[in-house]
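Student: I should like a close look at a single part of this model, namely one packing of two helices, followed by an account of what surrounds it. Please treat the matter in one connected answer.

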Amino acid sequence: MTQLSAPTKRHLQALAGLVLLTVLGSCTSTTVDEFRQGATGIDSGESIVILGRRHASDYETRAEFVDCVGERMNSGSDSISVIPEKEFVDAMFPWFEPRTAPLRTRDLERLMAEQVVADKMEEFGIRYMVWLDGFTETSGRTGSISCTVGPGGAGCFGFGSWEDDSNFDARVWDVGSLQNVGTISTDATGQSYVPALVIPIPLIARVEANACTRLADQLKQFVNGE
Amino acid sequence: MNSVSGQTTSTNTFYKRVKSLCVAALAVLLAGCGVSNVVIEGNYPTPNVASLPVNVAVVFDQALRDFHYIEYSEIGDEEYNIASGDSHIALFSAILPAMFESVVMVDSLEEAQGLGLDAIFYPVIDEFQLALPQKTKLDVYEVWIRYNMRFFAGDGDPIADWVQTSYGKTPTETMRGTDAAINDAAVVALRDLASSFSLSFAQVPEIKDWIAAR
């Protein structure tokens, strides 16, 4: 059996140590806050709809994040029936476009006075409307990676890192009482690293995914009245 | 002798590969220098609004059908050619039948006058603006469109003439091309037009008075 030489062993150990340190460092820390303003609970025949806020000029809540929260709430134990955002917005067109969507519960009250809106809500069986508002910001980009290609081969060398901060609020409106029954806020931060030793090794902190998971789990408990 | 001929063969193969790679790289470079054509395509739902008891002819003239906008680079080269005529027609075809009792589409004002309907609607695109992240340094693609909406009686007498604007944006995303992002922003802008037009049409003062007088 061929034995590795001492210098090769040292290099491999150094590489393994660097990867381990980076893995341990690229974790995400998530904080969830809940503010309850009313009683909640949902029957088996009722559903919720999760919508993203898109009226701000400098950002908008990504549709992929809204879908993520909806899928998480619609799965597992105590799952809740979630109407997909696109299906709801298209069915209610033009009442939930960025320009026309209700911003406050009293706007929803005016909207529910439109018979066609009230009928559609009843048709969907919607008990709660959840508004997600937020975005993920990337900051603290440092380092650089250089890649080169030559007759002998190709490779990348360097090191890059950045920090992601996901900040989302979820406001829960009770469609029956036309009241805001609670707000859940989540803040997730994480550091990502990409060391490159011939090949880049991306160690990405799944910040937005963790924010989605924690927010969806908390929302599920909240809507179920726990 | 065999090793010399073997070396020559592998050297020739190497140079052939390098030549192929250079030709491929040149082709990619040249393809990136031309204008990018974007044809706006989207789905527009039927609005949930009360329809007015009015039979309307809507004029889609050649300027609207062929409407396209060209975005220029900072050095004056054509970067993007955005064609939105068909999408505008698809949009109005989706929303107008829900707003009026009946809708007939025609190519000119003269043709509409000949039909003897209650009213004629004639939309015109005045201006189209595009904002790209690489120019604005923001993380969004933005589209802004200004329309001149004209409403006539069935015999061609003007009833109302007003300006309507629409706005759409879409965030930048990894792995999504610029063409797809421009399309998404334009579709959001067209949906914005549909929502504001369908909800505010009957509130235009001259139209409100005309409907009340019928």
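Tutor: In this predicted model, helices α3(B) and α6(B) are roughly parallel to each other, because their axes cross at roughly 25° and an angle under 35 degrees counts as roughly parallel. Helix α3 covers residues 85-99 of chain B, helix α6 covers residues 178-200 of chain B, and the two axes come within 11 Å. The sense of the crossing of α3(B) and α6(B) is right-handed. On the side of α3(B), the contact is formed by B:Ser87, B:Leu91, B:Ile95 and B:Met99. Helix α6(B) contributes B:Leu190, B:Ala194, B:Phe197 and B:Ser198. Sorted by class, the residues in this contact of α3(B) with α6(B) comprise 6 nonpolar and 2 polar, with no charged residues.

The boundary between the chains may be set beside this helix pair. There, 12 residues of chain A are in contact with 12 residues of chain B. The side of chain A that touches chain B consists of 5 nonpolar residues, 1 polar residue and 6 charged residues.

Next comes the nonpolar interior. The largest nonpolar core has 42 residues, and those that touch the most other members are A:Ile50, A:Val69, A:Val130, A:Leu132, A:Leu215 and A:Leu219. Several elements of chain A each supply at least two residues of this core, including β2 (47-52), α2 (63-73), β4 (126-150), β6 (179-200) and α6 (207-223). Helix α6(A) gives the most to this core, namely 8 residues. For A:Leu215, the contacts beyond its neighbours within four places in sequence are A:Val32, A:Val69, A:Phe168, A:Ala170, A:Ile184 and A:Thr186. Another core, of 40 residues, lies apart from the one just described; among its members are B:Ile82, B:Leu117, B:Ala119 and B:Ile145.

One residue of chain A remains to be placed. A:Trp162 belongs to strand β5 of chain A, which spans residues 153-174. A:Trp162 counts as partly exposed because it has 17 C-beta neighbours inside 10 Å, whereas a buried residue needs 20 or more. If residues up to four places away in sequence are not counted, A:Trp162 touches A:Thr138, A:Gly140, A:Arg141 and A:Ser192. The C-alpha atom of A:Trp162 is separated by 29 Å from that of A:Glu34, a residue 128 residues apart from A:Trp162 along the chain.

Note on methods
Residues numbered from 1 in each chain as written. Chains lettered and ligands numbered in written order. Predicted model: local features only at pLDDT ≥ 70, side-chain atom pairs only at ≥ 80, totals over all residues. Contact = placed C-beta atoms within 7 Å. Nonpolar A, V, L, I, M, F, W, Y, C, P; charged D, E, K, R; others polar. Helix = DSSP H or I, 4+ residues; strand = E, 2+ residues; numbered from the N terminus. Buried ≥ 20, exposed ≤ 12 C-beta atoms within 10 Å, placed from the backbone. Axes fitted to C-alpha atoms, helices over the stretch in contact; angles between N-to-C directions. Parallel < 35°, antiparallel > 145°, perpendicular 65-115°, else oblique. Left-handed = near helix turned anticlockwise from the far one by under 90°. Core = buried A, V, L, I, M, F, W, Y, C linked by C-beta atoms within 7 Å.
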